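Hi there,

Here is the structure I promised to pass on. Have a look at it first, and then read on for what turned up.

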Amino acid sequence: QRESMEYDVVIVGGGPAGLSAAIRLKQLAAASGSELGVCVLEKGAELGAHTLSGAIMDPRALDELLPDWRERGAPLDVPVTQDRFLFLTQEKALRTPDWLLPSCFHNEGNYIVRLGHVVRWLGEQAEALGVDIFPGFAAVEVLYDAQGAVRGVATGDMGVARDGSHTANYQPGMELLARYTVFAEGARGQLGRELITRFGLDAGRDPQSYGIGIKELWEVDPAQSQPGLAIHTSGWPLDSKTYGGTFLYHLNDNQVALGMVVGLDYANPWLSPFEEFQRFKTHPAIRPMLEGGKRLAYGA
């Protein structure tokens with residue numbers, strides 16, 4: 001027997017999209033003088049725990065959502081001061097002139113951020129507005145009414161042994177019912193895939209393109225630190241048939257976020273994105289930035 005809670009809106013996923021939606025809903029309700037119950041479920045142990053990104057952030061969305069984000073202490077501390085786009089061969093790095101770069105590689109006015117920190121800050125803003133946030137609870141089941149419409153989600157049972165038996169700490173999941181349920185799980189969420197299949201949401205749509213992103217956070221020699229420098233590369237170590245590229249972003253506190261993104265349609269079955277990323281770090285244009293430093297974190 002599962003207990004249930006009712007809200008006006010349940011949001012599945014406590015990332016940038018889910019938290020921004022929660023904040024905006026509360027703002028609209030306050031502006032109209034009405035009460036709105038909003039709940040956010042996040043499977044990570046804390047907000048930002050599953051947010052992995054070396055990111056350059058355009059602040060336009062924050063300007064619209066929370067115009068006073070600077071006064072509120074948003075963790076956007078490192079404005080982009082220089083863009084470089086390099087085409088790599090095995091031994092050389094050829095810099096593309098700035099005037100040849102498309103607009104997406106011109107980051108004037110943008111910020112280099114640690115997106116997990118931004119998510120935690122967004123969570124604080126949402127809670128201040130009265131949003132209920134439940135970290136550590138994964139939505140594992142979509143609930144439907146008699147007409148087949150979504151009526152909410154259920155969280156997973158806790159205290160279940162590997163063989164499926166109930167331990168002494170067993171607790172059944174909770175049903176969260178809502179007038180509207182928003183799914184903000186990310187690119188390939190379990191419940192999202194179920195909904196796409198059940199309601200034919202991909203009918204007549206172009207297929208998605210998927211890639212894997214690998215990221216490391218380094219603490220580098222202070223002599224190599226250049227806060228605000230954003231470097232993107234293409235070419236080596238990937239061959240001409242493999243879609244992908246790399247990034248290297250200089251944060252403050254002598255930290256550098258670097259990573260590689262590889263499209264999952266690569267033709268070479270022996271290709272290892274992780275190994276290709278390790279080779280990238282040995283390039284003569286990249287190695288000097290990391291020498292004398294240490295890796296702080298890794299994820300994919």
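Thr233 touches Phe85, Leu86, Leu88, Gly245, Thr246 and Phe280, leaving out residues up to four places away in sequence. Please keep in mind that this is a predicted model, so every value here is computed rather than taken from an experiment. Thr233 sits in strand 15, which covers residues 229-235, and its relative accessibility of 5% makes it buried. With one of those neighbours there is also a polar contact: the side chains of Thr233 and Thr246 are joined at 2.4 Å.

Phe280, another neighbour of Thr233, brings us to the cores. As background, nonpolar side chains in soluble globular proteins tend to be buried together. The largest nonpolar core here has 28 residues, and the members that touch the most others are Leu19, Trp69, Leu76 and Val113. Several elements give two or more residues to this core, among them strand 1 (4-12), helix 1 (16-32), strand 2 (38-42) and helix 2 (60-65). Helix 3 gives the most, with six residues. If you would like one residue to click on, try Trp69: beyond its neighbours within four places in sequence, Trp69 is in contact with Pro59, Leu62, Asp63, Ala74, Leu76, Tyr111 and Trp121. A second, separate core holds 20 residues, including Ile231, Leu238, Phe280 and Ile286.

Now for the charged pairs. Side chains of opposite charge can pair when their charged atoms come close. How many salt bridges does a search of the whole structure find? The search finds nine. Three of the pairs are good places to start:

- Arg179 and Asp8 meet through their side chains at 3.2 Å, N to O. Arg179 is in strand 13 (residues 175-183) and Asp8 in strand 1, so this pair links distant parts of the chain, 171 residues apart. Arg179 counts as exposed at 59% relative accessibility, whereas Asp8 counts as buried at 19%.
- Arg72 and Asp68 form a salt bridge of 2.7 Å, N to O. Both ends are partly exposed, with relative accessible areas of 39% for Arg72 and 31% for Asp68.
- Glu216 and Arg295 are paired at 2.8 Å, N to O. Because Glu216 lies in strand 14 and Arg295 in strand 18 (residues 294-299), the pair ties together parts that are 79 residues apart in sequence. Glu216 is buried at 0% relative accessibility, while Arg295 is partly exposed at 45%.

Salt bridges that share partners also join Arg2, Glu141 and Glu175 into one network.

All three members of that network turn up again around Ala154. Apart from neighbours within four places in sequence, Ala154 is in contact with Arg2, Ala138, Ala139, Val140, Glu141, Leu143, Met174 and Glu175. Ala154 belongs to strand 10 (residues 150-155) and is buried, with a relative accessible area of 0%. For a sense of distance, the C-alpha atoms of Ala154 and Trp270 are separated by 40 Å, and the two are 116 residues apart along the chain.

Last, a look at the surface. Ile196, Phe199 and Leu201 make a nonpolar patch of about 260 Å². Leu201 is found in the loop between helix 4 (190-199) and strand 14 (211-219), and is partly exposed, with a relative accessible area of 48%.

Enjoy exploring!

How values were computed: Residues numbered from 1 in each chain as written. Predicted model: local features only at pLDDT ≥ 70, side-chain atom pairs only at ≥ 80, totals over all residues. Heavy atoms only, no water. Patch = residues over 30% accessible without salt bridge, like charges linked within 9 Å, V, L, I, M, F, W, Y side chains within 5 Å. Areas by Shrake-Rupley, 256 points an atom, 1.4 Å probe, with all protein chains shown as cover. Salt bridge = Lys/Arg side-chain N within 4 Å of Asp/Glu carboxyl O. Helix = DSSP H or I, 4+ residues; strand = E, 2+ residues; numbered from the N terminus. Buried < 20%, exposed > 50% of the residue type's maximum accessible area, 1.4 Å probe, protein only. Polar contact = N/O pair within 3.5 Å; in protein donor to acceptor, adjacent residues only side chain to side chain. Contact = heavy atoms within 4.5 Å. Core = buried A, V, L, I, M, F, W, Y, C linked by side-chain atoms within 4.5 Å.
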